[in-house]
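Colleague: Please show me the model, and let us then discuss its architecture in questions and answers.

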Amino acid sequence: MICGGFMTDVHPPARIERPSALSFLGYALGLFVVFWCLSGAGFSLDKMLTSPPRFADFVDRAFPPNIEPKVLSRLGWKMVETLQIAVAGAVIGVILSIPVAIFAARGLVAGPVVNQIVRTILSFIRAVPDIAWALVFVVAVGLGPFAGMLAIVVDTIGFCGRFFADDMEATDKGPAESLTAVGARKIDVIACATIPAATPSFISTSLFALEKAVRSSTILGLVGAGGIGIELKVGFDLFDYPTAMTVILMIAAVVIGIEHLSGWARTKVIGEQR
Amino acid sequence: MLATPSLTALSVTDLNVADPIAQAVGQVQTKALDALVCPVDIEVQGLTKHFGATRIFSDVSFRLARGEAVALVGANGTGKSTLLRSLMGLIPVTQGHVRVLGQDMAAANAAGVRAVRTRIGLVSQKHNLVPRLSVLSNVVQGLLGQYPGPRHWCHSFAPEPSRRAAMSALEKVGLADFALRRADRLSGGQSQRVAIARAIVGQPQILFADEPCASLDPAAGEDVMALFFDLVRQQGVTVVFTSHNIAHALDYGDRVLGLADGGVKLDATAASLSADDLRGLYD
């Protein structure tokens, strides 16, 4: 007997529902948009089929990577500078994000108009790519790592400011209400109830911001904002593919290392909290 | 059931007279009356609260004398917690007046409302401790109304008298040994005791408790209620608490206010009521 005898005369619904005419039109429109975008992006099956030999040629010319001690030492220091840009920019950005987020969070200290203005500014910051911020700061403060660090600071504020605000809005309002009930000021309530409640989320978001900053800082050198990116550009410009490959592998190793480190730290912090 | 008027304080504001001599005499009389009659800590007149189009309660009026313990009872959705929050000025009222310790909460500016709140304490159903902070820091934060600023954000920065006051409050609830434990590592009963310590550390004149043992098992709930009322009775504090526990309302309340059908349907001394009288509110 099937299913222990729980048979019934009631028929189950159809496995797949027939879409309505409007839904069908929506699917067709979605498909058209995808093909339109592929066309705009210059998608070419012919180029895809002919590219593997060219890619193999590049790999052939790039391997083995350049591991001369003098080159490794130079690239190593550039990578240290890259990490310095990323860490300094991310830390300053995270610190500055907290007051910005307090004004962006709804129902905390500021009214809806201020919330909306701050959130719009944060959206604008995020909408501008980090490399564009680097170009702006190269013009403002000159070539070098300082411009890169400022670009990372601004980029981190755009990222963390929005997420910190969302995190604070989502906290349990109970502790804040209990402190408000005994006459605590808003700033005290935020410092004592809202921020501690949002701290695990803040740490998680900050670690994502650090990962993002490390990835960004590796390419800021392309526009003269310091870091290892300039070595990548020079490697390709001079057809020195072995050195370029060394740079790519170093970037990959560092980014993956930072991702693992931040994942471990996130588990430690959030795991302990639960 | 008919509402029974309760025994509350006489109003002394009616003694206002134009003649200076009579006024002086009036002031003497007022002081004499103050000494004889318990002052009113909470006065509610025609209080109405709507959430959008939904009416929670309307035209609620009562006065609570100093030192009274009042149980607010009623079925779910009758507005007990909303009334409690309205009394503390935590939510705006739709209509009517709430005077707490002589201050009209709706008419007062932010500083005025804060000044009143420094003299009240709150114990919530969910305890509402800050989970990542230590027990001692949570209790120290109960003084933030009286001493605003970063020194009371955490016990490590707090002045010595505040740390001692917090430890004394923790000792009263039997948790002095847990001072440095994180608040999220406590049992439900311990957590509520810390919430009580936070509420009493500032020596409030009025204590509000919103279903203080609703999230606890019966034994822990009994312990918490007994401890809470032991402490507040010693200090002559006015207490307003909500509860679904009829025995608690009758045992710990001097007076019972029953909410039903959007208003106060019962106002009587606990001694004059039986459990059946209160069960009628839940029908």
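The exchange below treats the helices of one chain, the sheets of the other, and the contact between the two.

Modeller: This is a predicted model, in which local features need pLDDT of at least 70, side-chain atom pairs count only at pLDDT 80 or more, and totals for chains, interfaces and linings use all residues. Residues are numbered from 1 along each chain as its sequence is written, while chains are lettered from A and ligands numbered from 1 in the order in which they are written.

Colleague: How far apart are the end C-alpha atoms of helix α3 of chain A?

Modeller: Helices (H or I, at least four residues) and strands (E, at least two) are DSSP runs, numbered from the N terminus. The expected span of a helix is 1.5 Å times one less than its number of residues. Helix α3(A) covers residues 69–104, so its 36 residues should span 52 Å; this agrees with the separation of its end C-alpha atoms, 50 Å.

Colleague: At which residue does α3(A) bend?

Modeller: The bend at a residue is the angle between axes fitted to the seven residues ending there and the seven starting there. In α3(A) the bend is about 30 degrees, and a proline, Pro99(A), follows within four residues of the bending residue, Ile98(A).

Colleague: At what angle do α3(A) and α6(A) pack?

Modeller: Axes are lines fitted to C-alpha atoms, for helices over the stretch in contact, and angles run from 0 to 180 degrees between N-to-C directions. The crossing of α3(A) and α6(A) is right-handed (the near helix is turned clockwise from the far one by less than a right angle). The contact of these helices divides into 20 nonpolar, 6 polar and 2 charged residues, where Ala, Val, Leu, Ile, Met, Phe, Trp, Tyr, Cys and Pro count as nonpolar, Asp, Glu, Lys and Arg as charged, and the others, Gly among them, as polar. The axes of α3(A) and α6(A), residues 145–169, are 6 Å apart, and the packing angle is about 40 degrees.

Colleague: How many charged residues does the contact of α3(A) with α8(A) have?

Modeller: The axes of α3(A) and α8(A), residues 186–220, come within 9 Å and cross at roughly 150 degrees. Residues count as in contact if their C-beta atoms, placed from the backbone, lie within 7 Å; among those involved are Gly89(A) and Gly93(A) of α3(A), and Ala209(A) and Ala213(A) of α8(A). By class this contact has 11 nonpolar and 6 polar residues, and the charged residues number none.

Colleague: Which residue joins Phe63(A) through a cis peptide bond?

Modeller: Most peptide bonds are trans. Here omega is about -5 degrees. The second residue of the bond lies in the loop between α2 (45–62) and α3 of chain A, and it is Pro64(A).

Colleague: Turning to chain B, what is the strand order in the open sheet of 4 strands?

Modeller: Two strands pair if DSSP finds at least two bridges between them. Strand β1(B) is joined antiparallel to β2(B) by 8 bridges and to β4(B) by 5 bridges. The edge strands, each pairing on one side only, are β2 and β5 (103–104) of chain B. The order is therefore β2-β1-β4-β5, with antiparallel pairing.

Colleague: Which glycine in the turn between β1(B) and β2(B) has a positive phi?

Modeller: In this pair, Phe51(B) stands opposite Thr54(B). The strands form a hairpin with 2 residues between them, and the phi of about 65 degrees belongs to Gly52(B).

Colleague: Which residue other than glycine in β2(B) has a positive phi?

Modeller: Most residues other than glycine have a negative phi. The residue in question lies in β2(B), residues 54–65. Its phi is near 50 degrees, and its name is Asp59(B).

Colleague: Which strands stand at the edges of the sheet of 6 strands in chain B?

Modeller: This open sheet has mixed pairing and the order β6-β7-β8-β3-β9-β10. Strand β9(B) pairs with β10(B) in the antiparallel sense over 6 bridges, with Val256(B) the bridge partner of Ala268(B). Two strands have a single partner each, so one side of each is left without a neighbour in the sheet: β6 and β10 of chain B.

Colleague: Which element gives the largest share of the side of chain B that touches chain A?

Modeller: The contact takes 22 residues from chain B and 19 residues from chain A. On the side of chain B, the elements giving two or more residues are α3 (110–117) and β6 (120–123). The largest share is 3 residues, from β6(B).

Key. Contact = placed C-beta atoms within 7 Å.
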